[in-house]
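Reader: I'd like to learn how to read this model feature by feature. Can we start with the pockets and then go on to the sheets?

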Amino acid sequence: MIAALRRWSGEPSPHLDDDSKALGRYAPGAASLSEKPGLALLAGPRDFLGSSDGIEAAFSGWIDNADEIAELLHVEAANPATLYAAALAAWCDGADRRIIGNYAAIAAWADGRLRLARSPWSAPPLYYRHGDGESMASPLMRVLFAAGTPREPDYERMVDELAFDWRCLEETAWHKGVLRVPLGATVTLSAEKKILDRWYKPPAPASGLAYDEGGAVERARELLDEAAS
């Protein structure tokens, strides 16, 4: 799993050791660390840290079209965090539209902003807290708790779930003060604000008049061949 700690004052986080230990309980082995003034990115033994053109990234999951992206960008495909950082450097917020995979990613822009992203349809969770001069993010709630997030359940959310009033597309998590990145979305954090971009939307169904059964079957075969490869 991955994590990020951002202190907007530029000071190091006092919770870095605690977060490293929290990540270490997920998989045996020490977490990798990338540290700059006011920023720490961590990745467990199964995940990745990488950088490209001044962008630092932590990546959990995989990229299905890694070879295609690597060829376009003239970089190696072995480290998905480096590949993801290179895609951001080349395509900015359009990078996730080109990448096919199952992932949660945290990236730090060169200007200090923190960017959180999840792939559409299926991805590891990505929780975050933003406020009081700092931001933190991780797929593991215990990492946020280790960094000082209060363990205060959101009982309103629990009542909604029990009433089958699901909020699966909303940002609310199970604890107060904790938000989550929706599927197919990015959240960009700065000292002053956060910006949510739900960039992915399923395509609208074709109308009956525009439907071409033969073309639809052929396109379905192309997509299945691509997925199988």
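Author: Sure. A pocket here is an open set of grid points with protein on both sides within 12 Å along at least five of seven lines, and its lining residues have an atom within 4 Å of a point. Keep in mind that this is a predicted model.

Reader: Okay, so which residues lie nearest the centre of the largest pocket?

Author: First, the general idea: rolling a probe the size of a water molecule over the atoms shows where empty space is left. In this case the largest pocket has a volume of about 390 Å³. Its lining has 16 residues, with Ile99, Ile100, Gly101, Pro120 and Tyr200 nearest the centre.

Reader: Which elements supply at least two residues of that lining?

Author: Look at α4 (95–98) and β6 (101–108), since each of them supplies at least two residues to the largest pocket. The largest share is that of α4, with three residues. By class, the lining of the largest pocket splits into six nonpolar, five polar and five charged residues.

Reader: And how much space lies in the second largest pocket?

Author: About 330 Å³. Residues lining the second largest pocket include Asp64, Asp67, Glu68, Ile100, Arg219 and Glu226. Ile100 also turns up among the residues nearest the centre of the largest pocket. Helix α7 (213–228) and helix α2 (66–73) each give at least two residues to the second largest pocket, and α7 gives the most, with four. The class split for the second largest pocket is four nonpolar, two polar and five charged.

Reader: On to the sheets. What is the strand order in the one that holds β6?

Author: Two strands count as paired if DSSP finds at least two bridges between them. Apply that here and you get an open, antiparallel sheet of six strands, β4-β5-β6-β7-β11-β12. β4 (48–52) and β12 (194–197) each have a single partner strand, so one side of each is left without a neighbour in the sheet. On average, neighbouring strands of this sheet are turned by 20° against each other, direction ignored.

Reader: Which helix packs on that sheet?

Author: That's α3 (residues 80–91), which touches β4, β5 (55–63), β6 and β7. The direction of α3 makes about 35° with that of β4.

Reader: How many bridges join β6 to β7?

Author: Five, and the two strands run antiparallel. To find your place, use Ala107, which stands opposite Arg115 in β7. Farther along the sheet, β11 (residues 185–189) is joined to β12 by four bridges, also antiparallel. Leu189 has Lys194 as its bridge partner in β12. β11 and β12 form a hairpin with four residues between them.

Reader: What about the sheet that holds β1? Which strands are at its edges?

Author: That open sheet also has six strands with antiparallel pairing, in the order β2-β3-β1-β9-β8-β10. Its edge strands are β2 (32–36) and β10 (179–180), each pairing on one side only. β10 is joined to β8 (residues 127–131) by two bridges in the antiparallel sense, with Tyr128 opposite Leu179. Helix α1 (residues 16–24) lies across β1 (2–7), β2 and β3 (39–43), at about 15° to β3.

Reader: Last one: what reaches the backbone nitrogen of Glu156 at the start of α6?

Author: A side-chain oxygen of Asp154, which comes to within 3.2 Å of that nitrogen at the start of α6 (residues 155–162). Just after α6, look for Phe164, whose phi is positive at about 60°.

Methods. Residues numbered from 1 in each chain as written. Predicted model: local features only at pLDDT ≥ 70, side-chain atom pairs only at ≥ 80, totals over all residues. Heavy atoms only, no water. Contact = heavy atoms within 4.5 Å. Axes fitted to C-alpha atoms, helices over the stretch in contact; angles between N-to-C directions. Polar contact = N/O pair within 3.5 Å; in protein donor to acceptor, adjacent residues only side chain to side chain. 1 Å grid on protein atoms, 1.4 Å probe; cavity = no way out; pocket = protein on both sides within 12 Å on 5 of 7 lines; lining within 4 Å. Points joined across faces, edges and corners; volume = space filled by probe spheres on them. Nonpolar A, V, L, I, M, F, W, Y, C, P; charged D, E, K, R; others polar.
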